[in-house]
Amino acid sequence: MPDRCEVLPGDSVVARRGGGLLWVDAPGSPALVAALHACLGVAGPGADRVLAAVAGQVSRLADGPASFALVLADTSGGTGAGVALWSGKGQPAVDGVPVSGSSVDGCTLAAGFSLGQTLYVGPGQPAAAMPPGVALDLVEGTVPGSGALLQLAAAASSAVVAPPAGPLPSGESYTAGSDAGFGSSSRIPSQAPGGEQTAFWRPEPPAAPVLRFDDGMVVTVDEDLVLGRRPDGHDLVTSGNARPVPIADTQNVLSSAHAAIQRSGREVSLTDLGSLNGTHVAGPEATEWTQLEPGVPHPLTDGDRLLLGWTVITFEQTPE
């Protein structure tokens, strides 16, 4: 099972790249935000020294109050170690327990702490709990949010139980789910002619389509979605019929609920929700954008590009 990073709704910034996870609330301090973003790609034994150097620059880069929590997680080789830097209201936590560290130039630095099953970055408060309906899985990129909770695959996989190594009882075979390995296997009685055992292979269903954002974020289209600056309040979301996908909008060109992605079997359509600046679409080879009529679904095909405000999104769907 892969790592899953759930984002709490909010107006601050959450970013993820590689093993780095960041929450930052520093309005008016783009230089500080850029420096913290650059740290997301840092890895290796010298990561703590890099973060210590950044700590020495925070007061110079911040133009006003600034809070952040940055964690660099290393799960390679099963090490499960982390390095973190935080300041202001920021506070990382492992399994709901705040990480402790040492003061460095007005910030707090921790190195070599163990990773558990969950890793939280956000404001320092009691252990973060995901509110019902939050399901944005941030694979990579930058989105608005008031914090993030990373569920680590390395910890989850350690709980998987392997099937018995001995021979199977006569006339039985194992099947296994695609996510949980053989730990979720179930026995299906089967008997081939002549008393031979038969192994059953069940093909996996086609992979769900994805939306690939221009900043690197990837969102799986495994249910209906509402995209926008703050889509949580749209009727499709509040009724439980769609999942909200908030999009960072520094230019204020997106509507709160800008467009909807809706599925019907393998068919996926894009609908403008009456946005102020419109929703545009272009095929893979097209050289011009076509503006959608509000409320009229537009079928999507693999490679179509979507334009919401200044955000470009590519729709990807594997063939059957």
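Start by selecting A93, whose bridge partner in strand β10 is Y120. This is a predicted model, in which local features need pLDDT of at least 70 and side-chain atom pairs count only at pLDDT 80 or more, while totals for chains, interfaces and linings use all residues. Residues are numbered from 1 along each chain as its sequence is written, and side-chain values use heavy atoms, with hydrogens and water left out.

**Around strand β10**

Widen the selection to residues 93-94 and 118-121, which are strands β6 and β10, paired in the antiparallel sense over 2 bridges. Strands here are DSSP runs of E with at least two residues, and helices are runs of H or I with at least four residues, both numbered from the N terminus; two strands are said to pair if DSSP finds at least two bridges between them. Now add residues 147-151, strand β12, which runs antiparallel to β10 and is joined to β10 by 4 bridges. Within β12, A148 is the residue that stands opposite V121.

**G112 and its contacts**

Next, select G112, which has its place in strand β9, residues 107-114. Is G112 buried or exposed? With a relative accessibility of 59%, G112 counts as exposed, given that exposed means over 50% relative accessible area, buried under 20%, and partly exposed in between, using a 1.4 Å probe and protein chains only. Show G82 as well: G112 and G82 are 30 residues apart in sequence, and their C-alpha atoms are 5.4 Å apart in space. If residues up to four places away in sequence are not counted, G112 touches G82 and V83, where contact means heavy atoms within 4.5 Å.

**The open sheet**

Move on to the open sheet of 6 strands, which has antiparallel pairing and the order β16-β15-β25-β24-β21-β22. At its edges stand β16 and β22 (290-291), each with a single partner strand, so one side of each is left without a neighbour in the sheet. At the β16 end, 3 bridges join β15 to β16, and the two strands run antiparallel; select V210 and T220 to see a pair that stands opposite one another, with T220 in β16.

**The nonpolar cores**

Which residues have the most contacts inside the largest nonpolar core? They are L211, F213, L227 and I261, in a core of 43 residues. A nonpolar core is a set of buried Ala, Val, Leu, Ile, Met, Phe, Trp, Tyr and Cys residues joined through side-chain atoms within 4.5 Å. Strand β4, residues 67-74, contributes the largest share of this core, 3 residues. Centre the view on L211 and, leaving aside its neighbours within four places in sequence, display the residues in contact with L211, including M217, V219, L225, L227, I261, I313 and F315. Apart from this core lies another, of 24 residues, among them A26, A47, V54 and V58.

**Salt bridges**

Side chains of opposite charge can pair when their charged atoms come close. With a salt bridge taken as a side-chain nitrogen of Lys or Arg within 4 Å of a carboxyl oxygen of Asp or Glu, the count comes to 6 salt bridges.

Select E316 and R212, a salt bridge in which the closest N and O atoms are 2.9 Å apart. E316 lies in strand β25 (residues 311-316) and R212 in strand β15 (residues 210-213), so the pair ties together parts that are 104 residues apart in sequence. E316, at 27% relative accessibility, counts as partly exposed, and R212, at 38%, also counts as partly exposed.

Then turn to R243 and E223, whose closest N and O atoms in their salt bridge are 3.1 Å apart. R243 is in strand β18 (residues 243-246) and E223 in the loop between β16 (218-220) and β17, 20 residues apart. R243 counts as buried at 6% relative accessibility, whereas E223 counts as partly exposed at 34%. Adding D222 to the selection shows the network of salt bridges that links D222, E223 and R243.

Another salt bridge to select is that of R230 with D11, with the closest N and O atoms 3.5 Å apart. This pair links distant parts of the chain, 219 residues apart, with R230 in the loop between β17 (225-228) and α5 (235-238) and D11 in the loop between β1 (4-8) and β2 (13-17). R230 is partly exposed, with a relative accessible area of 48%, while D11 is exposed, with 60%.

**Cysteines**

Finally, select C39 and C107. How many disulfides does the structure hold? It holds 0 disulfides, a disulfide being a pair of cysteine sulfur atoms within 2.5 Å. C39 counts as buried at 4% relative accessibility, and C107 is buried with a relative accessible area of 3%.
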